[in-house]
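Open the structure in your viewer and keep the selection tool at hand. We will make a few stops, one selection at a time.

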Amino acid sequence: MKRTQAPAEIEPFLSDASNFHGRAEGVAFPETEKEVTEFLRECHERKMPLTVSGYGTGLTGARVPLSGWVMAMHAMPALDIRPAAGPGAPSRAVIGPGVQLKDLQAAATGHGFFYPPDPTSILSFVGGNVATNASGSRAFKYGVTRDHILRLRVVLADGSVTELRRGEIFAEASGRLRIPVKTRQGALEDRFCFLPSYHAPAIKHSAGYYVKPGMDAIDLFIGSEGTLGVVTEIEVNLLPLPAKILSFVVFFSCEADAWSFTQEACARSRHARASRNDALMQSRSFEYLDAGSLDLVRSKYPDIPAAARAAVYLEQECQPETEDWMLDQWNILFEKHRAPLEDFWFAEDEEGQQRFKAFRHQVPLEVKALLIASGQTKVGTDYAVPERHFQAMREYERRRLEEEGLRGLAFGHMADCHLHLNILPANAEEHAKAWRLYGELLAKALEFGGTIAAEHGVGKMKTGFLRQMFGEKAIREMADLKKALDPHGILGRGTLFPETLLA
Ligand SMILES: Cc1cc2nc3c(=O)[nH]c(=O)nc-3n(C[C@H](O)[C@H](O)[C@H](O)COP(=O)(O)OP(=O)(O)OC[C@H]3O[C@@H](n4cnc5c(N)ncnc54)[C@H](O)[C@@H]3O)c2cc1C
């Protein structure tokens with residue numbers, strides 16, 4: 001196994017896509033599960049902190065080490081597509097944690113399959129996606145990474161290995177959860193931990209350990225942000241590729257119309273899903289761009305209608321024979337919510353779909369360019385609120401931005417009431433103001449029964465907000481759970497809760 005302590009080779013692992021920076025003594029690159037096991041055992045015995053690194057696209061500092069060593073998963077890229085063995089059996093992919101999402105998606109497509117989770121960061125590792133329970137635009141229809149994981153192999157802090165298959169082990173009524181392991185000496189043992197007593201909000205949510213009465217043991221590790229073990233093998237289910245995808249970018253003259261359209265289209269999509277009727281209107285995503293986002297990309301996309309102050313990008317899967325009918329239905333809905341029919345963009349092929357995706361992704365790229373130009377860093381939110389509070393939250397955001405004299409724009413997953421508000425400070429003074437406002441907005445989202453993190457996780461940057469969300473008792477319970485599986489607290493120190501709680 002390659003190990004390095006050369007500063008130039010450590011440097012790339014000391015940050016992620018947030019602006020959080022750390023330090024480390026060295027980086028190890030295991031190629032096999034055995035090497036992961038041996039290195040973990042060594043760290044466990046020396047009580048050496050170890051931070052697992054995926055591709056580093058995280059936005060919370062989760063993979064950034066505060067001390068000790070980094071274990072980088074880049075040398076574990078095995079990828080095996082396994083078509084269904086027989087009728088009723090799922091088609092699957094068995095992959096190493098260092099496989100990039102784009103490679104899994106391409107391999108699945110090459111075999112006529114489809115892997116639904118689609119975080120925008122297609123360079124990220126699937127191991128990182130599991131550890132953050134990543135989601136993306138298609139989460140509205142297909143759910144998040146968790147919903148597609150059939151089996152995981154995880155090496156715990158002391159080097160013992162657990163293999164968890166969905167549907168086999170569940171939490172007891174007392175909250176006790178059994179984790180069967182094979183120790184380094186080859187003995188089979190059970191480890192036990194107790195689930196924290198907090199309740200997660202019933203919305204898209206990815207902050208803190210996943211906890212649910214009677215939950216599947218595999219779900220504890222999904223979204224645990226590298227604090228409970230190192231994921232060494234992942235089995236995901238694959239779906240058949242949809243026959244056809246219709247893509248639309250629909251423009252509105254105000255956000256209220258985009259919101260009423262989204263609400264009705266979501267309700268119809270949910271109905272279609274519940275009745276398992278593929279011939280009904282059903283978008284798999286509702287990606288929103290507000291006026292500020294549209295203004296930011298207008299120069300690159302001059303065909304954005306001049307009067308447009310909001311846009312929704314949606315994708316409908318359909319059979320070729322229902323395409324015309326489906327188009328008519330969407331047209332009726334666009335018109336009902338005052339989206340001018342002469343203005344919307346439509347594509348029915350892969351090339352057009354990619355063009356629209358690029359349009360949506362241009363917004364964060366322009367945000368990045370703006371911030372580089374002003375020498376400032378991004379202040380971006382990941383909170384979500386229950387649907388009944390969405391408009392009030394948006395009004396609050398707009399009012400407070402205006403009162404503070406700050407520029408902000410929002411884009412993201414409207415169906416999940418989960419927009420990423422990007423505050424764009426022009427100078428250091430505005431930057432400090434933006435962070436104060438960020439805290440205030442998170443508090444407001446919590447007041448509305450929301451979550452501090454809907455998809456990016458907590459990492460090291462939001463530990464204070466996690467405490468604000470769940471309270472001190474819950475944080476201690478999370479730390480106790482971790483200590484049951486990682487007694488010296490070596491894994492992912494400083495992520496989810498302060499290091500001091502692990503003493
Ligand atoms: C431009 C951009 C767009 C993004 N869009 C989305 C989006 O649409 N949806 C979304 O959910 N997120 C998004 N993200 C956030 C990020 O891409 C995801 O959190 C992603 O899952 C991180 O994967 P990674 O491989 O980069 O992990 P890293 O950032 O390297 O690590 C993230 C966490 O995973 C842990 N980890 C990594 N590998 C393992 C392993 N094998 N075992 C145990 N723990 C491990 C790390 O310790 C760390 O806690 C975006 C980020 C960027 C920069």
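The tour below goes from the core to a strand, then to a helix pair and the ligand. Keep in mind that this model is predicted.

**Stop 1: the core**

Start with the largest nonpolar core, which has 131 residues. Select Met71, Leu152, Val250, Phe252, Ala311, Val312 and Leu466. These are the residues with the most contacts inside that core.

Now pick out Val250. Which residues does Val250 touch, leaving out those up to four places away in sequence? They are Ala311, Val312, Phe334, Ala339 and Phe344. Two of these names, Ala311 and Val312, were in your first selection too.

**Stop 2: strand β19**

Next, select residues 418-423, strand β19. Why is β19 called largely enclosed by the rest of the structure? Because 6 of its 6 residues are buried. Being buried here takes 20 or more other C-beta atoms within 10 Å of a residue's own C-beta.

Show the side chains. His418, His420 and Asn422 point one way from β19. Leu419, Leu421 and Ile423 point the other way. Both sets are buried.

**Stop 3: the partners of β19**

Add residues 408-413, strand β18. How many bridges join β18 to β19? There are 6, and the two strands run antiparallel. Find Gly412, which stands opposite Leu419 in β19. Then look at the turn: β18 and β19 form a hairpin with 4 residues between them. Cys417 sits in that turn and has a positive phi of about 50°.

Now add residues 379-380, strand β17. This strand is joined to β19 by 2 bridges and also runs antiparallel to it. Click on Gly380: its bridge partner in β19 is Asn422.

**Stop 4: two helices**

Select helix α13, residues 463-470, and helix α14, residues 472-485. Two packed helices are described by the angle and the distance between their axes. For α13 and α14, the angle is about 115° and the axes are 6 Å apart. On the α13 side, look for Leu466, Arg467 and Phe470. They meet Glu472, Ala474 and Ile475 in α14. By class, this contact has 4 nonpolar, no polar and 2 charged residues. You have met Leu466 before, among the core residues with the most contacts.

**Stop 5: the ligand**

Finish at the ligand, with 37 residues around it. Which of them come nearest? Select Gly54, Gly58, Gly127, Gly128 and Gly226.

Then color β3 (50-53), α4 (126-132) and β12 (230-240), each of which supplies at least two residues of the shell. The largest share, 5 residues, comes from α4. By class, the shell has 14 nonpolar, 19 polar and 4 charged residues.

Terms used. Residues numbered from 1 in each chain as written. Predicted model: local features only at pLDDT ≥ 70, side-chain atom pairs only at ≥ 80, totals over all residues. Core = buried A, V, L, I, M, F, W, Y, C linked by C-beta atoms within 7 Å. Buried ≥ 20, exposed ≤ 12 C-beta atoms within 10 Å, placed from the backbone. Contact = placed C-beta atoms within 7 Å. Pairing = 2+ DSSP bridges. Axes fitted to C-alpha atoms, helices over the stretch in contact; angles between N-to-C directions. Nonpolar A, V, L, I, M, F, W, Y, C, P; charged D, E, K, R; others polar. Near = placed C-beta within 6 Å.
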